[in-house]
Each structure stands twice: as structure tokens, then as C-alpha cells.
Amino acid sequence: MKTNTLAPFEKRPQMFPTPPLDGIATEVGCGETVFAFERIATRNGLGSTARLKLALATGEDRETIYRLRHDVYGKELVQHPTNGDGRLRDSLDEGNIYLVASVGEELVGFISVTPPTSQTYSIDKYLSREEPPFPFDDGLYEVRLLTVIKPSRGRQIAALLMYAAFRWVEAHGGARIMAIGREEILDLYLKAGLQPIGIAVRSGAVTYQVLQSPVASLRQRAGLFAGLFDRIERETDWRLAIPFQKPASCFHGGAFFSAIGEEFETLEKRQTIINADVLDAWFPPSPKVISALQDNLPWLLQTSPPTGCEGLIKTIARVRGVNADCVLAGAGSSDLIFLAFRQWLSRDSRVLLLDPTYGEYAHVLGKVVRCQVDRLTLSRRDGYRFDPRRLEEYFEYDYDLIVLVNPNSPTGRHVAREELEGVLRRVPANLRVWLDETYVEYAGADQSLERFSAQSENVIVCKSMSKVYALSGVRAAYLCAGPQQLEQLRAITPPWAVSLPAQLAAVRALEDSPYYSGRYEETHRLRSQLVEQLCGLNLEIVPGVANFVLCHLPADGPHASTVVAHCRDQNLFLRDASNMGLQLGKHALRLAVKDAEKNTQMVEILKRVLRD
């Protein structure tokens, strides 16, 4: 994701001025999947008269390719003898893949990818398989026949074809790419990241160098040129079934499963670790939840749930005091974030996001939707306090969505309902506001804006039931908003979106508010005790209200990533929070609140690690 501190790019500059620069940073959601051709594509654009199409070759395209191969490799390069048919092909064409570039109806370039399933590569004609310094296994793909017709040379078509071949191999799980590159254009292959192995081969009048690279190395090199292929993508009609950009995965906590066993083979180890890198509740679910699940578990596992979560929605509506048509259920807040944002937003959208805040939002917006994200920065000097009145100066600008998390994660800071509601009443009707209230119950039973959002034109409250109801494992959440905001999302919500155990657990949890109220009070006591213990370690503690603590390690000490790694050696899993905001720096550490015994163990382990 490309980030800078310049003024935000304006989607419709002729209509809207640039928003204020103070406290805001900009990032263009260009993703990380680009290929290293440096200035090749920037010197010569595609041109303004026609858009380049990149697709898998059809049968008709292949006939065109065979004729072009005859003209280029027979007549022009004198690599192969010409023939009376005017067609050139070989046995590899039975199993290879051709990717073609076209302008209008004219094919202007192509490249061939030979998969390992073909059993034979073109390099077999020149070398024995013992000569190259890499294995010929089921992860090896060969890229060959990079060809652009004469009138189209000097443009970025060759670079795009090379990139398409790379993405094809990467998406199909390839581990290594090999190629034979003509010496006259060897620079193109080198800039792409392929490395010569020191062996040259000759075919007719043409000399080739044998090249190779692990796909992982090409991916790493690709990340250096994010802006280049982001621009090319906008100018290209990409018709391949694989995405132009490699989908990026979002990093969360949960590293503790590496100690337990990702296939759950050693669940008993959970007793010996402290999973403070995720914000699961330290307490168990309500006894009513446990009883309902235990008494009915076989039936719950074998039975289809209510298709549209009807009972769960009715319970939410009754407990929260809203109409049922103002509630949409989902399998956790992440499920709802991906559902809504991909439906509402496009690459041309523009979103305002607090910094720091929950990393899921920056990921979905920048890496999945890949729209423009402007960050409203919160000051460490002010303890990351957020004054909602700062939003008002951005209301007149061309935003499609504002995302707020309250209480915020990872800071734990909370804005009182009355204060926030007063500002949200003044948001223009055509500007959506997404309010994540995952931790709001820790701030107080009267602090949710659900009832406000149900009557609002444009405010959507997202409520996870994971952290405050101790239901992280079953995945249940919901949106609360005016029916007009949920109508479109309801149409694309699949049936049985929430499992039957999750629906039952959520209903019983909502019906037992006295149990959870007691747990929230106890959480505040535990948090205060943990903060007091941490203060003895010379840490800068951020004041908060939720079930976690954000702190900054000493600036002259180790980075959070180093501390986290050493704590893992002692079965303590903490969260390096440095990637959760541009303002946090490399010393930001987040700890989940646990019971008193585990909190003490956490502090003792952290003390030893910092001392050593």
C-alpha cells in the first residue's frame, strides 16, 4: 500500500477542493502486486486511442499465433526454417498456455507458459536436466515465446505479457519460473527479476540465455514497484480468471495456534500458553450459553440453522430496542466488513479512516477494494484521544465513507455517546459513517449508538459478539442501521450465514445481561491492576476502557517485534501493534487483559524479556 503525507487525491477535482492537510495522510490502494520493469512501462504508454486487452488465447487466437511465430521466428529472426504453410508450432503446444494481448480485434502480442503437467519443456531440446542448478519438479513452469508484433513494439505490451505470465504461474501455485531469453532483449528479463544461470544456448541464428527465479523472489521484487502496475491495471482490460493483483491476506493475532497446533492435534497445550495477542474475553460465556450448547450439541452440529437468522435477529431487535428490519446478521464483524465494503465501494471511492485503528479496515479498503484511503491522524502526545468535532471539517469533501471504531482498537480510547451522536447528526445524508462498536459494552451499557443508527439515514453500527460475549469461536455479529442501508446487503447475504451453534449461543448470551455486566466490571478491575503492574516496567501506557492495553516500549530499547518474538519462546503471545497505524511506530505493544494470575505471569515474562 502506497502511503504519503500529501494532500488527498481528489476524485472529482473540478467540483471539490482539497481537504485540510493538518493531521491527515493519504494512501492510494494500489496493492503490492506489480512486476519489476522499472522505467520500461513509464517511457511508453498504451496510447489513448485503444485499450489493451489481456486474455487467455482462444482456438482462433492460436491459429494467429502460429502464423505470427512463423513470421517472427522463421522470417525475421531466422531461428527456425520457414515452410509453405506459413505456420510454426511444436509438440509443446498440446499442453501449454498462451496469454494474448489484443487491441480491438487485432492480436498484438503473446507469451507461452508451459506447466509441469506437460512433462516436457522447450529447454529439454538444448540441455540435459542435470545441467541447470534447480530441480525439475511439479513446481517448475517455463515461460517462453514472448512476442510483440512490429507495429506495437516499444510500448509496455511486453512488460504486461511478462507480468501476466508471472501472475498465471503464481496463482497456479508455481514455485519456480525458468525461461530462455534472447540476448538482444535480455535486459527485460533481468529487470523482471529472472537470473541467468550462466548457460547460453543457440537456436538457428539466435542466442539465448537460460534464466530462472523462485516465484517467491519475483513476488518480493514485485513489491518494489507498486505504483507502476497499478497504473497499467487501470489502462488494461484484464480478462484472465485470476486477479491482476495478488489478493493480500490480512494479519491478525492468533499466532498462539502455532503452539497449540494448527490442526488441533495438541489442544491440551492451551493450558500452558497465554494468548494475549488476540482480544478474546478472558471469561467464559454465560452459563446459559454453555448449558444450551452442551445439552443440544449433537443436534446443533447435524441440523441446518434458520436460513436468515430470524430468531437471532428478533432477539437482537428486542434487546436493543430497534426494529427487526434494522438488523442484519453475519458470521463475525469481518464477514460484514467484507460484505458491505465490497458492495458499497469501488476503486474510485474515497474513505476517511482514523489512524491508528483496527487493521482490518486499512486492509479491506487498501488491499481488497483498493480505493483511496485518507487517514485522520491521532496524536500520541494526546494519548490518541479523538475529538469527533474534527470530522466536521471533512464533511464537505468528496468522501464515500467514514470509518470509526469506538472504543478504538488498538488504543482503547472511547468517545462518549452524547458527544459522538451530536457530531453524527450533522453528517451529510449522502456520506455513510461506519461505526464499529465491538468493545462498546466495556464503556457502558448506555454507550451504544444502535438506536440512533436505526433512525439515521447514513450511520451503520457494526456489533461483534465475539469480545464482549466471549463468543469469538462461533463467529456471530450484526449490523444495525436504517432499513435502506441494509436492503442491498440483505440481498447478497447467503442463506445460513451464521451457524446454528452460533445463533443459539448469541441468543442465550443476549438474554443474560446480568452475567456479562458483572464480567465487564471485573474486567475493569483486572485492567487497572495490569496497568499498575506494567507501569513498573517503564512503559508508556495509553489510557483506555476496553479489555486490552496499548503501551509503548522505551524508545531506546528493542522494537515490539523483537519483544514479541522473545515472549513467544516463553509461551506468551503478544501483539506487535506497529502495523495498526502509521502513527504508532516500532515500539507499540498491545496486551489483552486476562485473569489476575495470567496477568501477573504476563508481566513477569515481559519483565524478563526486557531485562535480558
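These are my notebook entries on a predicted model of one protein chain.

**Entry 1: the whole chain**

I began with the overall picture, and I found 19 helices and 23 strands in the protein chain. I then looked up the box filled by the C-alpha atoms, which is roughly 90 × 55 × 55 Å along the principal axes. Of the 612 residues, 55% count as buried, and the accessible surface of the chain comes to about 26,400 Å², with 49% of it belonging to carbon and sulfur atoms. I also checked the contacts between residues with a separation of 6 or more, and 74% of these are made by residues 24 or more positions apart. For the charges, I noted 70 positive and 74 negative ones, and their mean positions are 2 Å apart.

**Entry 2: salt bridges**

How many salt bridges does a search of the whole structure find? I recorded 36 of them, and I followed a few in detail. R144 and D90 meet through their side chains, with 3.2 Å from N to O. This pair links distant parts of the chain, since R144 belongs to strand β6 (residues 140–148) while D90 is in the loop between α2 (59–76) and β4 (97–103), 54 residues apart. I asked whether R144 is buried or exposed; R144 counts as buried because its relative accessibility is 6%, and the cut-off for buried is under 20%. R144 and D90 also belong to a network of salt bridges that links them with R69, R89, D93 and E94.

I looked up two further pairs. D237 forms a salt bridge with R239, where the closest N and O atoms are 2.9 Å apart. D612 and R611 meet in a salt bridge at 3.2 Å, N to O, and both of these residues are exposed.

**Entry 3: a nonpolar patch and two residue pairs**

On the surface I found a nonpolar patch of about 280 Å², made by F257, F264 and L267. F257 lies in helix α7 (residues 257–260), and F257 is partly exposed, with a relative accessible area of 32%. Q271 is placed in the loop between α7 and β11 (274–275), and Q271 counts as exposed because its relative accessibility is 59%. Between Q271 and I260 I noted 11 residues in sequence and 9.4 Å in space, taken from C-alpha to C-alpha.

Next I turned to D335 in helix α10 (residues 333–344), which counts as partly exposed at 32% relative accessibility. The C-alpha atoms of D335 and R475 are separated by 9.0 Å, although their positions lie 140 residues apart along the chain.

**Entry 4: backbone angles**

I kept in mind that most residues other than glycine have a negative phi, and that most peptide bonds are trans. Which kind of peptide bond runs from D355 to P356? I found this bond to be cis, with omega near 10°, and P356 is in the loop between β13 (350–355) and α11 (359–369). The bond from N406 to P407 is cis too, with omega near -5°, and P407 lies in the loop between β15 (401–405) and α12 (417–424).

I then noted two positive phi values. W496 has phi near 55° and lies in the loop between α15 (483–492) and α16 (500–510), where W496 counts as partly exposed at 48% relative accessibility. N538 has a positive phi of about 60° although it is not a glycine, and its place is in the loop between α17 (513–535) and β19 (540–541). N538 counts as exposed because its relative accessibility is 59%, and the cut-off for exposed is over 50%.

Conventions: Residues are numbered from 1 along each chain as its sequence is written. This is a predicted model: local features need pLDDT of at least 70, side-chain atom pairs count only at pLDDT 80 or more; totals for chains, interfaces and linings use all residues. Side-chain values use heavy atoms; hydrogens and water are left out. Helices (H or I, at least four residues) and strands (E, at least two) are DSSP runs, numbered from the N terminus. Buried means under 20% relative accessible area, exposed over 50%, partly exposed in between (1.4 Å probe, protein chains only). Contact means heavy atoms within 4.5 Å. Accessible areas come from the Shrake-Rupley method with a 1.4 Å probe; for residues, only the protein chains shown count as cover. Lys and Arg count as positive and Asp and Glu as negative; His and the chain ends are not counted. The place of a charge is taken as NZ of Lys, CZ of Arg, CG of Asp or CD of Glu. Patches are made of residues with over 30% relative accessible area and no salt bridge: like charges are joined within 9 Å, nonpolar side chains (Val, Leu, Ile, Met, Phe, Trp, Tyr) within 5 Å. A salt bridge is a side-chain nitrogen of Lys or Arg within 4 Å of a carboxyl oxygen of Asp or Glu.
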